[in-house]
Structures are given as structure tokens and as C-alpha cells.
Amino acid sequence: MKRIVALFFAATLLAAVPALAQKQYKVVNHVKLGGDGGWDYLYYDKDGQRLFITRGSHVMVVDANTLKVSGDIPDLSGIHGVALAPELGRGFVSNGGDNSVAIFDLKTLKKLDSVKVGERPDAILYDPFTKHVFTFNARSKDSSVVDAASGKVVGTVPLGGKPEFPVSDGKGKVYANIEDKSEIAAIDATKLSVLNHWSVSPCQEPSALAFDVAHHRLFAGCDNKMMTVVDSDTGKVVTTVPIGAGVDAGRFNPNTQEVFMSCGGDGVLTVIHEDSPDKYTVTQNVPTAKGARTMAMDYASNTAYLVTAQREATPPAPGQRPAMVPGSFELIVVKAE
């Protein structure tokens with residue numbers, strides 16, 4: 001009996017340990033991709049097992065199995081993000097340089113069309129519930145809504161501030177960070193109207209956003225080195241969690257109950273376990289590289305992909321960012337082992 005009790009006690013203790021506290025994430029690959037242009041958002045295509053990486057004037061497409069460049073979408077302008085509508089066989093790219101969305105064929109990567117949207121579209125989201133594409137326009141401070149099938153603009157949602165990253169619940173609601181107001185806007189994706197503006201204080205300037213749909217929790221990565229957890233039903237701030245500096249992307253993996261925040265200022269990937277919807281534990285700050293601020297994730301294999309490049313020692317002029325070292329752009333692969 002004593003042995004049975006001891007085994008039960010040990011099993012209980014083990015179950016109480018966050019699942020991923022038993023694993024350690026680390027960088028498993030650095031792949032030099034080279035090429036011209038800076039970068040912004042990454043998107044992982046789970047059906048095609050490809051990474052779409054925005055590079056200013058073109059989209060670099062990388063085979064996730066070989067980690068080699070498999071394609072390119074050229075002749076774009078100041079691009080920021082990619083969204084895919086797999087059931088329609090279409091992809092969409094936000095062109096901040098000419099205030100448009102480029103529409104391309106998912107199989108051939110050939111450009112099909114271009115549609116004008118609001119001013120300086122940044123992040124972009126395909127909402128499968130409405131089959132609409134939402135662009136989040138930094139200069140006009142609104143969201144342009146495009147019918148994914150026809151490629152026509154069907155509406156505009158004023159947001160009252162500079163939007164950053166969005167997420168969808170897949171049931172008719174879209175949420176977006178409003179960076180300059182330190183808010184999250186809850187949007188009715190069907191009626192194309194804002195339902196609520198929620199303060200995320202003490203978070204400042206939220207940029208990254210991830211979502212645990214099942215437990216109704218939004219995770220906003222903030223400029224002041226914290227992640228704020230927000231109830232997506234009420235807008236209430238549940239708790240805050242420390243993260244690295246310079247966050248720009250967040251992901252939540254429901255298979256492992258973990259939040260990932262890529263923090264390019266400190267060059268770390270902060271990994272946070274969701275112990276319960278109201279309790280969170282930082283399990284790691286994985287060293288990645290300076291500037292590795294955006295990220296995509298393959299949830300099935302629990303693999304995070306980040307990109308960065310080396311910079312010259314001195315800027316070309318005071319107040320400017322140092323230029324990229326030619327050929328230094330690289331892909332960083334992070335996995336648990």
C-alpha cells in the first residue's frame with residue numbers, strides 16, 4: 001500500500017509540472033537565405049509546408065522540409081504580410097508602398113490581381129468564417145475588408161488608432177492591437193464594425209498578438225517587456241507575464257498550451273506555458289539572435305521559424321538604422337528536444 005501511495009504522489013507531482021517545463025527548446029538550424037530586402041511578417045503554410053517571408057519588394061518562399069528557397073513572388077512594394085485562403089487557392093500580400101493588396105495563385109505563385117485598400121496596409125488576415133481578407137492600415141488607421149473570392153473591397157472599419165497584428169476566433173470576431181492607444185479592438189467580422197475598444201494597461205504599445213480560442217484568452221506582446229493576457233469575452237486584463245525586449249510576433253500552440261513571443265531586441269524567444277487560463281509560467285528565454293523579431297510556427301511539429309540579418313557596425317547617417325550586411329539574411333529554426 002505504501003508503494004502504491006508513493007507512486008500516486010509522484011504521479012500527482014509530475015502532472016502538476018507544466019508539460020513543456022520537461023522539454024527544452026533550442027535553435028536547431030541556421031540557414032543562410034541571402035537575397036535583397038529587409039523583412040517583416042512570416043507565414044507558415046501548413047498545407048504546402050512552405051514559409052512565406054516578406055522581403056520589401058518580393059515574397060521569398062521556402063520549402064519547410066528542405067529549408068531551401070522554392071519560389072518567389074516579385075514586383076511588390078513595401079510589403080508587410082501574407083494571408084492565405086487555401087479553399088480558394090489564393091494568397092494575399094499587403095503592399096504598404098502603394099496601398100494595395102496583391103492576389104496570387106497558391107500553386108503557381110503567379111500574381112492574379114491587385115486591389116487598392118487604405119493607406120499603408122501592414123498586417124493582413126484571412127478570416128475563414130466570412131471569407132474576407134482584412135488589412136490593417138497604419139496611416140489611415142482603419143481596416144480594409146476584401147472579399148477573398150472576388151477580390152473586391154466590401155467595406156472599411158475605422159479603428160481610431162494605429163493597428164498592429166490581428167487574430168480571428170473563426171466564429172465571426174476579429175481582434176487587433178491598436179498600438180498607439182495601448183488597446184485591443186474587438187471587431188464584428190460580419191457587420192464590419194468595432195464592438196469594443198479594450199485597454200490593455202499596464203501593457204504599452206502592443207504589437208504581437210496570439211490567441212487561445214478554446215479558453216478565450218488573447219496574448220498581447222508589449223513594448224515594455226511584458227505580455228498581457230486578456231479575456232476575449234469581457235476585455236478584462238487577467239494577468240501580465242515578463243518577456244524579452246523588442247517583441248513583434250506572438251503565437252499560441254494549442255497542442256502544447258504554450259505562448260511564444262519573439263523578442264528581437266534581446267534576441268530571445270520567450271516561451272510561456274499556460275498552466276490554466278489564469279496562470280502562466282515562463283519556461284524559457286531561448287537565445288535566437290538580435291533582430292529576430294518576427295516569427296511563424298508549424299503547430300503540428302511544434303517548430304518556430306524566425307529570421308534576421310547582420311548589420312553594419314555604423315549607420316549610414318545619424319538616426320538611421322545600420323545597413324544589412326549583404327548575404328547575411330538567415331532563417332532560424334527552433335524546436336523542443
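1. A residue is called buried here when its relative accessible area is under 20%. Cys-263 has a value of 0%, so Cys-263 counts as buried. The model is a predicted one, and the points below concern strand β19, the cysteines, and two further residues, Thr-294 and Ile-53.

2. Strand β19 covers residues 217-222, and six of its six residues are buried. Arg-217, Phe-219 and Gly-221 point one way from the strand, while Leu-218, Ala-220 and Cys-222 point the other way. Side chains in a regular strand alternate between the two faces of the sheet. In β19 the residues of both sets are buried, Arg-217 being one of them.

3. On one side of the pairing to be checked is strand β18, residues 206-212, which runs antiparallel to β19 with six bridges between the two. Within this pair, Phe-219 of β19 has Ala-210 opposite. The two strands make a hairpin with four residues between them. His-216, in that turn, has a positive phi of about 60°.

4. Strand β19 also pairs with β20, residues 226-231, again in the antiparallel sense and through six bridges. Thr-228 in β20 stands opposite Ala-220. Three residues separate β19 and β20 in their hairpin, and Lys-225 in the turn has a positive phi of about 60°. Anyone checking backbone torsions can look at Lys-225 together with His-216.

5. How many disulfides does a search of the whole structure find? The search returns one. This disulfide is formed by Cys-203 and Cys-222, with 2.0 Å between their sulfur atoms. The torsion about the S-S bond is -105°, and the link is left-handed. The pair links distant parts of the chain, 19 residues apart: Cys-203 sits in the loop between β17 (193-199) and β18, and Cys-222 in strand β19.

6. Are the two linked cysteines buried or exposed? Cys-203 has a relative accessibility of 3% and therefore counts as buried. Cys-222 has a relative accessible area of 0%, so Cys-222 is buried too. Cys-263, by contrast, takes part in no disulfide; the nearest cysteine sulfur belongs to Cys-222 and is 11 Å away. A disulfide requires sulfur atoms within 2.5 Å, which is why a separation of that kind does not qualify.

7. Thr-294 belongs to the loop between β25 (279-287) and β26 (295-298). With a relative accessible area of 0%, this loop residue is buried. A polar atom of the Thr-294 side chain lies 2.9 Å from the backbone oxygen of Asp-40. Leaving aside residues up to four places away in sequence, Thr-294 touches Trp-39, Asp-40, Tyr-41 and Leu-42, along with Asp-248, Ala-249, Ser-262, Tyr-305, Leu-306 and Val-307.

8. Ile-53 is part of strand β3, residues 50-54. Its relative accessibility is 0%, so Ile-53 counts as buried. Residues up to four places away in sequence being left out, the contacts of Ile-53 include Leu-33, His-58, Val-59, Met-60, Val-62 and Phe-329. Tyr-41, Leu-42 and Val-307 are also touched by Ile-53, and these three are among the residues that Thr-294 touches. Between the C-alpha atoms of Ile-53 and Leu-331 the distance is 9.8 Å, although 278 residues separate the two along the chain.

Note on methods. Residues numbered from 1 in each chain as written. Predicted model: local features only at pLDDT ≥ 70, side-chain atom pairs only at ≥ 80, totals over all residues. Heavy atoms only, no water. Buried < 20%, exposed > 50% of the residue type's maximum accessible area, 1.4 Å probe, protein only. Pairing = 2+ DSSP bridges. Polar contact = N/O pair within 3.5 Å; in protein donor to acceptor, adjacent residues only side chain to side chain. Contact = heavy atoms within 4.5 Å.
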